[in-house]
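Hello,

Here is the structure I said I would pass on. Please open it alongside this email; my notes follow below.

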Amino acid sequence: IKNEIGKTTYTQMLNEDGGIETDLTVVCMDKNYFRIVTSAANKEHDKFHVLKYLSKEVEFKDVTDEVACLGVFGPKSRSLMSKLSDDDFSNENFKFGTSKAIKINNKKIYAQRLSYVGELGFELYIKMNESREIYNLIVSKGKEFNLSHCGMFAMDTMRMEKGYLHWGHDMSPEENQYEAGLGFAISYKKNINFIGKEALLKIKNGKIKKKLITLTLKDSKPGFPLLLHDEPILCDGNIIGRTTSGNYSFNYKTNMSFGYIRINSINEDLANKNLSIQVEKKIYDVDIQIKPLHDPENKNMRHWINTLNMLRAAWDSIKPRKKYFMITINPFSELSVFMSSFIMQAFVVLMVILAVVGTFFEMLHKKNFTYFFQNAKKAKQSATKTLGVGEKTSIVIKTVATDVLTTAELGA
């Protein structure tokens with residue numbers, strides 16, 4: 001856990017056997033003051049586990065009923081947040097995995113830059129009695145950004161596209177972090193005998209019994225078959241595991257499943273085998289995916305292409321256009337280019353070159369190149385009206401325990 005004000009830590013709490021009892025985020029809000037954010041559906045389970053081992057010297061308070069959480073996620077989320085608040089939401093001053101107090105409509109709100117849908121986003125923690133006002137304001141301001149509501153199933157699909165797991169399906173007390181692919185959340189640096197440490201060390205030095213993988217159907221149709229969980233996974237006709245989650249991705253036009261397999265082989269070896277899933281006694285051939293379908297390098301969430309947006313915003317403010325057509329250049333889905341003449345095309349080429357150079361300096365943490373564009377707030381806001389098509393953006397209304405009640409999608 002990062003004992004530094006404003007830092008967030010995604011981690012798990014374990015049982016004595018190293019099994020995953022809770023999946024949560026810990027936020028350092030002040031000196032020796034932390035907030036645990038977990039799933040609302042698992043509130044009582046997680047609360048019991050925490051209190052079971054909590055030292056009597058630590059004061060514990062359940063604030064679930066006192067705090068509401070609204071999540072603003074997607075490529076346009078930073079622009080929307082800048083409309084709602086005068087605080088600085090730039091990548092340089094609000095980095096991924098950090099949090100800070102902000103003000104919206106003169107209301108103090110605690111914002112965290114995290115996302116469960118695999119896009120740039122912010123979680124807003126608000127006093128319950130002020131949440132309706134802030135929600136209505138977000139909906140009102142969001143009209144400029146094509147704000148629309150979506151539900152839990154949409155969010156479940158997006159988290160699977162990103163490769164994010166769900167406690168109770170993809171991980172449970174029966175699985176450990178090494179089996180679930182969460183080894184990055186384990187640290188043995190501190191000389192602390194945390195719960196499950198001894199069991200984890202034995203697992204680390206031995207061989208894991210099962211492994212979580214991602215599968216996609218070779219012949220995919222929306223809802224055919226209806227993938228849920230606990231479908232048998234077969235290798236060359238033999239059952240080697242079971243699925244834990246299933247959904248159809250409309251973004252990537254494929255049926256996808258997570259599942260555990262009992263096999264001592266790495267993903268690259270499995271790719272050469274005949275894998276399939278059995279649903280309602282029918283066999284469906286599948287491919288194994290080594291990386292998440294969506295943004296495997298985390299460029300969207302960490303938003304390293306911010307300079308590209310600033311370049312577009314600067315140009316958009318210099319010469320407003322009434323007639324244009326739009327092209328989205330891949331893989332930079334947010335870089336929208338407008339062409340109306342040969343001169344404009346030449347200008348676009350120059351802008352792309354500048355964008356590449358700017359991104360290089362930004363990745364090297366140089367601030368000089370982006371200083372001018374950081375001050376062009378008005379330019380950035382005007383540019384958000386003409387973002388590229390196909391952008392995956394959402395706003396999520398959650399309890400403080402991160403279980404989504406309502407979600408909303410921004411963008412077409």
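F89, F94 and F122 form one aromatic cluster. Keep in mind while looking at this cluster that the model is predicted. Within the cluster, the ring centres of F89 and F94 are 6.1 Å apart and the ring planes meet at 25°, so this pair counts as stacked; the cut-off for stacking is under 30 degrees. F89 has a relative accessible area of 2% and is therefore buried. F94 is buried too, at 1% relative accessibility. Across the whole structure, the search finds seven aromatic pairs.

Another ring to look at is that of Y260. The charged end of K210 sits over this ring, 5.2 Å from its centre.

Next, strand β9, which covers residues 211–217 and includes I213. I213 counts as buried because its relative accessibility is 3%, and the cut-off for buried is under 20%. I213 and I261 are 48 residues apart along the chain, yet their C-alpha atoms are separated by 7.5 Å.

Last, T8, which belongs to strand β1 (residues 8–14). Its relative accessible area is 8%, so T8 is buried as well. A polar atom of the T8 side chain lies 2.6 Å from the backbone oxygen of G97. If neighbours within four places in sequence are left aside, the residues in contact with T8 are K2, T25, V26, V27, G97, T98, S99 and L114. G97 therefore turns up both in this contact list and in the 2.6 Å pair with the T8 side chain.

Regards

Notes
Residues are numbered from 1 along each chain as its sequence is written. This is a predicted model: local features need pLDDT of at least 70, side-chain atom pairs count only at pLDDT 80 or more; totals for chains, interfaces and linings use all residues. Side-chain values use heavy atoms; hydrogens and water are left out. Helices (H or I, at least four residues) and strands (E, at least two) are DSSP runs, numbered from the N terminus. Buried means under 20% relative accessible area, exposed over 50%, partly exposed in between (1.4 Å probe, protein chains only). Rings of Phe, Tyr and Trp (its six-membered ring) pair if their centres lie within 6.5 Å; planes under 30 degrees apart count as stacked, over 60 as edge-to-face and the rest as tilted. A charge sits over a ring if NZ of Lys or CZ of Arg is within 6 Å of the ring centre and within 35 degrees of the ring normal. A polar contact is a pair of N or O atoms within 3.5 Å; within protein, one must be able to donate a hydrogen and the other to accept it, and residues adjacent in sequence count only if both atoms are side-chain atoms. Contact means heavy atoms within 4.5 Å.
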